[in-house]
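Thanks for sending this one over. Here are my notes, set out as numbered points so that you can go through them beside the viewer.

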Amino acid sequence: MKIRAAVVREINQLTIEDVELDAPKPYELLVRLHAAGVCHSDLHTYRGELRAAPPLVLGHEGAGVVEKVGAAVTKFKPGDRILVNWLPSCLHCEACLRGQSNLCERFPSTTLVGLLPDGTTRLHTLDGMPLKHYLSSATMAEYAVIDEAGAIAIPDDVSFEVGALIGCAVVTGAGAVINTAHAEAGSSAAVIGCGGVGLSAIMGAKLAGCNPIIAVDVMESKLAFALQMGATHTINAREVDAIETLRTLTRGGPDYVFDSVGAAGTINQALKAVRPGGTATIIGMHAIKTDVPIAVGPLVAQNKRLLGSFFGSSRPHVDLPRLVELYRSRRLPLDDLITKRYALDELPLAFADMEAGHVARGVITL
Ligand SMILES: [Zn+2]
Ligand SMILES: [Zn+2]
């Protein structure tokens, strides 16, 4: 079928064009998408900074309605509302069985390079060039074919927009606090970088009972969003020395520091700022092609911990439904996270707004 999609034919070349989407195979679903979140990972991929190389269709945060199911699908039927889980774990490899299904052994050769879990693609340009599905999802399009494991049911009272964000930004940020760092109630936390993932880490810190929760960014607009999401203090790192201020606010450094930026400067800032014996956690995929020199002295001599967090150390099939329920019981203010909506054709504007700090999270409505 012919669908409209956000296509990256080559690095730094984005077009919104009609493409051909093949029918789902036996274990797959055809989904009519209604919302797609605009994430930094899409922008980094468009610029060639992550592993999935073009040509591909962008988008990995999404939600919609199942339109058609393959012959072997048992868990879903046409008409079901779902959010897209871009980590369609196999649930039977060793990583999945030991409870680390965010590290499923099939991801490196499929999802992370832009293929469906069976290693193939259902997308082509109208002139016949195969297109990859970014993170097994390709949600910046009217329709997507995804593996059955890439869908999580959502109830009628969860909007497609909120569902889309739960599947990436929210699970990545909140999961880093709850699952990766295991921050405990009463501990102090700081979050460096207040985009969608950082704001979700702030929500996670509030949920975990952290106090204070200190937001660090260089844009006042993002710090204002942080206060709305549960930060108790903000630091504009362009105006004051962030490390010194963090130490002052927490009498020696926060127990937990989360870096959602993933740059050399912020990674070392997180490690320096955290108190002796504290935990610095690096979130997200942004630095995947970057080698960062680490200040090893304080790491060892001050017994600090430096952790990486991928998809919030979450087990998608367990933790995504939990986040849906936390939202429904008003413990996660996710409606406030969505600050602007765009048409698919406005994707370049959505990327520009994200970089300029105009939005907490932008969503494409389809
Ligand atoms: Zn994302
Ligand atoms: Zn697996």
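The points below go from the whole chain to its strands, one helix and a few single residues.

1. **What kind of model this is.** Please keep in mind that this is a predicted model. The chain is built from 10 helices and 18 strands. Its radius of gyration is 20 Å, close to the 21 Å that the globule rule gives for 366 residues, so the chain is as compact as a globular protein of that length. Along the principal axes, the C-alpha trace spans about 60 × 40 × 40 Å.

2. **Burial and contacts.** Of the 366 residues in the chain, 57% are buried. If we take the contacts with a separation of 6 or more, 70% of them come from residues 24 or more positions apart.

3. **Surface and charge.** About 14000 Å² of the chain is exposed, and carbon and sulfur atoms supply 53% of that area. On the charge side, there are 33 positive and 38 negative side chains. The centres of these two sets lie 4 Å apart.

4. **Strand 3 and its partners.** Which strands pair with strand 3? With strand 5 (residues 61–69), strand 3 forms eight bridges in the antiparallel sense, and here glycine 37 stands opposite glutamate 61. Strand 9 (residues 143–147) is also antiparallel to strand 3 and is joined to it by five bridges; in this pair, arginine 32 faces tyrosine 143. Strand 18 (residues 361–365) adds three bridges, again antiparallel, with threonine 365 as the bridge partner of alanine 35. Strand 3 itself, residues 28–37, is mostly covered, since eight of its 10 residues are buried.

5. **A barrel.** Five strands close into a barrel, and their order is 1-2-7-8-4. The pairing in this barrel is mixed. One of its pairs is easy to pick out: strand 7 (residues 123–125) and strand 8 (residues 130–133) run antiparallel over two bridges. Histidine 124 has proline 130 in strand 8 as its bridge partner.

6. **Helix 7.** What do the buried residues of helix 7 pack against? In this helix, residues 264–273, the buried positions are Thr266, Ile267, Asn268, Ala270, Leu271 and Ala273. They pack against helix 6 and helix 8 (296–301), and also against strand 11 (189–192), strand 14, strand 15 (279–283) and strand 16. As a reminder for reading that list, an α-helix has 3.6 residues a turn, so residues three or four places apart point the same way.

7. **Two cis peptide bonds.** Most residues other than glycine have a negative phi, and most peptide bonds are trans. Against that background, two bonds deserve a look. One joins proline 54 and proline 55, where the peptide is cis with omega about 5°; proline 55 sits in the loop between helix 1 (40–46) and strand 4 (56–57). The other runs from asparagine 211 to proline 212 and is also cis, with omega near -5°. Proline 212 belongs to the loop that links helix 4 (196–208) and strand 12 (213–217).

8. **Two positive phi values.** Arginine 251 is not a glycine, yet its phi is positive, at about 55°. Phenylalanine 311, another residue other than glycine, has a phi near 55°. Are these residues buried or exposed? Arginine 251 is exposed, with a relative accessible area of 81%, whereas phenylalanine 311 is buried at 2%. Both are loop residues: arginine 251 lies between helix 6 (242–250) and strand 14 (256–259), and phenylalanine 311 between strand 16 (305–309) and helix 9 (316–328).

9. **Threonine 111.** Where is threonine 111 found? Its place is the loop between helix 2 (94–97) and strand 7. Threonine 111 is buried, with a relative accessible area of 0%. Leaving aside residues up to four places away in sequence, threonine 111 touches Trp86, Leu87, Pro88, Arg106, Leu135 and Ser136.

Conventions:
Residues numbered from 1 in each chain as written. Chains lettered and ligands numbered in written order. Predicted model: local features only at pLDDT ≥ 70, side-chain atom pairs only at ≥ 80, totals over all residues. Heavy atoms only, no water. Helix = DSSP H or I, 4+ residues; strand = E, 2+ residues; numbered from the N terminus. Rg over C-alpha atoms; globule rule 2.2 N^0.38 Å. Buried < 20%, exposed > 50% of the residue type's maximum accessible area, 1.4 Å probe, protein only. Contact = heavy atoms within 4.5 Å. Areas by Shrake-Rupley, 256 points an atom, 1.4 Å probe, with all protein chains shown as cover. Lys, Arg positive; Asp, Glu negative; His and termini not counted. Charge placed at Lys NZ, Arg CZ, Asp CG, Glu CD. Pairing = 2+ DSSP bridges.
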